[in-house]
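Please open the structure in your viewer and keep the sequence beside it. The tour below goes from one selection to the next and says what is found at each stop.

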Amino acid sequence: MFSTMASAKHNDSARQYVVAIGVIMWLLTSAFSVCYLMGYNHQLPVIHLDHQGPVLQITGKLTLELVYYAVFSFLSLVAFFCAASHAHGSGNAAASAFFSIVVFGTTLVSCFMTYKDLSHEMTGGPILEPGQPASVSHPGQPAQF
């Protein structure tokens with residue numbers, strides 16, 4: 001994604017954004033790969049959430065991997081729009097837009113799969129249920145007011 005955009009002839013801010021997102025994503029993916037190869041995947045930080053808002057209640061645990069997939073699926077979608085809107089007949093920029101949408105799709109699928117794994121593995125996994133009080137989303141637990 002970022003190498004094809006870096007070889008495009010024009011150098012504007014949208015193309016620099018695509019290159020920056022691609023490089024940051026590549027570095028973080030490399031760091032996750034090293035953690036998994038070294039056996040540190042169970043020692044990665046877990047984020048504990050307990051937000052009881054009027055519309056959306058979020059309770060449970062989120063892993064760093066799930067946050068990574070969620071953030072970069074959104075950023076790669078924005079990179080797709082930047083690459084597609086600034087292609088101007090450049091084959092390299094068009095290829096970058098194609099790879100950006102492929103990266104968006106794969107990270108979004110990975111995000112959903114990680115979310116489903118977490119909800120099945122962990123008790124009190126990530127639960128997103130809009131408009132329901134906490135007692136409805138966790139029937140076995142007493143309501144917290």
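Is Lys 61 buried, partly exposed or exposed, and what is its relative accessible area? Select Lys 61 in this predicted model, and you will find the residue in strand E2, which covers residues 56-63. Lys 61 has a relative accessible area of 29%, and it therefore counts as partly exposed, since that class lies between the limits of 20% and 50%. Now add Leu 118 to the selection: although 57 residues separate Lys 61 from Leu 118 in sequence, their C-alpha atoms are 8.1 Å apart in space.

**The whole chain**

Clear the selection and colour by secondary structure, which comes to five helices and three strands. Followed along the sequence, these elements give the pattern α-α-β-β-α-α-β-α. Of the 145 residues in the protein, 32% are buried, and the protein exposes about 9,000 Å², of which carbon and sulfur atoms supply 68%. Among the contacts with a separation of 6 or more, 63% are between residues 24 or more positions apart.

**A patch on the surface**

Next, select Val 34, Leu 37, Met 38 and Tyr 40 and show their surface, for together these residues make a nonpolar patch of about 460 Å². Leu 37, one of the four, belongs to helix H2, which runs over residues 13-38. With a relative accessible area of 77%, Leu 37 is exposed, because the limit for that class is over 50%.

**The nonpolar cores**

From the surface, turn to the interior and select Leu 66, Tyr 68 and Phe 72, which touch the most other members of the largest nonpolar core, a set of 13 residues. Two or more residues of this core are given by each of H2, helix H3 (64-85) and helix H4 (91-121), and the largest share, five residues, comes from H3. Another core lies apart from this one and has six residues, including Ala 14, Cys 82, Ala 83 and Ala 97, which you can select together.

**Along helix H4**

Which residues does Thr 107 touch, if those up to four places away in sequence are not counted? Select Thr 107, which has its place in helix H4, and show its surroundings: the residues that it touches are Met 25, Tyr 69, Phe 72, Ser 73 and Ser 76. Thr 107 has 6% relative accessibility and so counts as buried, given that the limit for buried residues is under 20%. A polar atom of the Thr 107 side chain also lies 2.8 Å from the backbone oxygen of Val 103.

Move on to Phe 104, which is found in helix H4 as well. Leaving out residues up to four places away in sequence, Phe 104 touches Ser 73, Ser 76 and Leu 77. If you draw a distance between the C-alpha atoms of Phe 104 and Ser 73, which are 31 residues apart along the chain, the viewer should give 4.9 Å.

**A last stop in helix H3**

Finally, select Ser 85, which lies in helix H3. How far is a polar atom of the Ser 85 side chain from the backbone oxygen of Phe 81? The separation between these two atoms is 2.9 Å. Ser 85 is partly exposed, because its relative accessible area is 47%, a value between the limits of 20% and 50%. Select Ala 97 together with Ser 85, and you will see two residues that are twelve residues apart along the chain, with their C-alpha atoms separated by 8.9 Å. Ala 97 was also among the members of the six-residue core visited earlier.

Conventions:
Residues numbered from 1 in each chain as written. Predicted model: local features only at pLDDT ≥ 70, side-chain atom pairs only at ≥ 80, totals over all residues. Heavy atoms only, no water. Patch = residues over 30% accessible without salt bridge, like charges linked within 9 Å, V, L, I, M, F, W, Y side chains within 5 Å. Areas by Shrake-Rupley, 256 points an atom, 1.4 Å probe, with all protein chains shown as cover. Salt bridge = Lys/Arg side-chain N within 4 Å of Asp/Glu carboxyl O. Helix = DSSP H or I, 4+ residues; strand = E, 2+ residues; numbered from the N terminus. Buried < 20%, exposed > 50% of the residue type's maximum accessible area, 1.4 Å probe, protein only. Core = buried A, V, L, I, M, F, W, Y, C linked by side-chain atoms within 4.5 Å. Polar contact = N/O pair within 3.5 Å; in protein donor to acceptor, adjacent residues only side chain to side chain. Contact = heavy atoms within 4.5 Å.
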